[in-house]
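Let us go through this structure step by step, beginning with a term that the description will rely on.

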Amino acid sequence: MKAIAVTPKQANSVRLVEIDKPDLSKIKDGRGVLIEVLRAGACGTDREINNAEYGIAPEGFDFLILGHENFGRVAEVGANVKELQKGDYVVATVRRPGHSFYDDIGEQDFTTDSEYFERGISRLHGYMAEFYAESADFLIKIPPAIESIAVLLEPLSIVEKGLKQASDIQERLKIWRPKTAAVLGTGSVGLLTVMALRLRGYEVHGFGRDKKDGYLNAELCEAIGATYDSTAEISVRDSTEKYGEYDLIFECTGYSPIVFDAMQSLNENGVLILSSVTGGDKTTEVPSDKINQQFVLGNRVMFGTVNANREHFELGVKDLALCEAMYAGWLSRMLTHRVEGLENYEKVFEILNNAGEYKAIKTYFEVNKI
Ligand code: BGC
């Protein structure tokens, strides 16, 4: 079968490879499921892996099959799989258990291992293939009503984990009634965050680099009652004069200096969520006394978040369905670039590398028809 692979640490090595169809019997306890891939999303992580900035091949291989954003259909189930049957739609989670005790209790997204296992990213093959096999333990069943947008579940799971942790952390306060939120970055993760916060009733302010006029991402913010401002015209910190300080800020720009701007834009008791994986070596100068004092005197919180577990994917399924109910068609507008067939991988990477010119929000392979 066909798959898309890279040679990690070798820039621009993305290519089509021919590999064996996965074998269910290799998955233990009869828990294996064979899945026909219908869609595989592409994102900045795939671009960085192809740029040799990230990514590790599985043991015994000199290539890594890419792909962690996925949506597929069950083709076959093992003897001990009772919760899924042939024809069901599923999305697979990304990280697999390693060795820390968080991994033992199904919270591998909180692993303390420095070597972790992520399908399509680190030490495990991914989903940009015609089929993959996985234990039912790592598959999320998808209701047919959201089949057309379910490829957005994996990026949404990152948002769900961030927001769930924010509310867990805020239990330190006997009462927390957040009203306003800022979302820094309005790419696909940012837009999904704007959506998730609107569903929770926040007044939401989205920020991106691009100017607002004719910018689809800005239009999508406004279509669900959020604002959009370009940081080329107003800094996040100055925006607080317009909107007030934010109770919650979600950072997903990929541009680390903005974090310090965000730290100075948080309300008393507010929470700042960091989700950008910044692989570069940027440095910046900051007013450290002032920032530190504001954090101390205002009981502010900042935390980092990565990956997601089953619980967060399940929360994401509910939000996708609720969003369709409240803002019908909005999520489909995020699916801007569909590329049919794995053999057209060059097109996918051309779009990923020039997302601005293509005005791409989510680019994905249609591997098979739904
Ligand atoms: C993926 C996460 C993963 C992270 C770090 C992101 O693109 O969505 O599942 O944990 O990269 O590798």
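A residue is called buried here if 20 or more other C-beta atoms lie within 10 Å of its own. What follows describes a predicted model, and by that criterion helix α3 is mostly covered, since twelve of its 17 residues are buried. The buried residues of α3 are L153, E154, P155, L156, S157, I158, V159, E160, K161, G162, L163 and A166. The helix itself runs over residues 153-169 and reaches 24 Å from its first C-alpha to its last, which is close to the 24 Å expected at 1.5 Å a residue.

Turning to the chain as a whole, the domain assignment gives domain 1, made up of 2-149 + 335-366, and domain 2, which covers 157-304. The C-alpha centres of domain 1 and domain 2 lie 29 Å apart, and where the two meet, nine residues of domain 1 are in contact with eight residues of domain 2. On the side of domain 1 that touches domain 2, five residues are charged, three are nonpolar and one is polar.

The ligand is surrounded by C43, T45, H68, V94, R95, E118, I121, E154, I158, V277, V306 and N307, and sorted by class this shell has six nonpolar, three polar and three charged residues. Two names in that shell, E154 and I158, were met before among the buried residues of α3.

A last helix, α11, spans residues 345-353, and its buried residues are Y345, V348, F349 and L352. Seen down the axis of α11, these buried residues fall within an arc of 90 degrees, so they line one face of the helix.

Definitions and conventions:
Residues numbered from 1 in each chain as written. Predicted model: local features only at pLDDT ≥ 70, side-chain atom pairs only at ≥ 80, totals over all residues. Helix = DSSP H or I, 4+ residues; strand = E, 2+ residues; numbered from the N terminus. Arc of directions from axis to C-beta. Domains from an automatic or database assignment. Contact = placed C-beta atoms within 7 Å. Nonpolar A, V, L, I, M, F, W, Y, C, P; charged D, E, K, R; others polar. Expected span 1.5 Å × (residues − 1). Near = placed C-beta within 6 Å.
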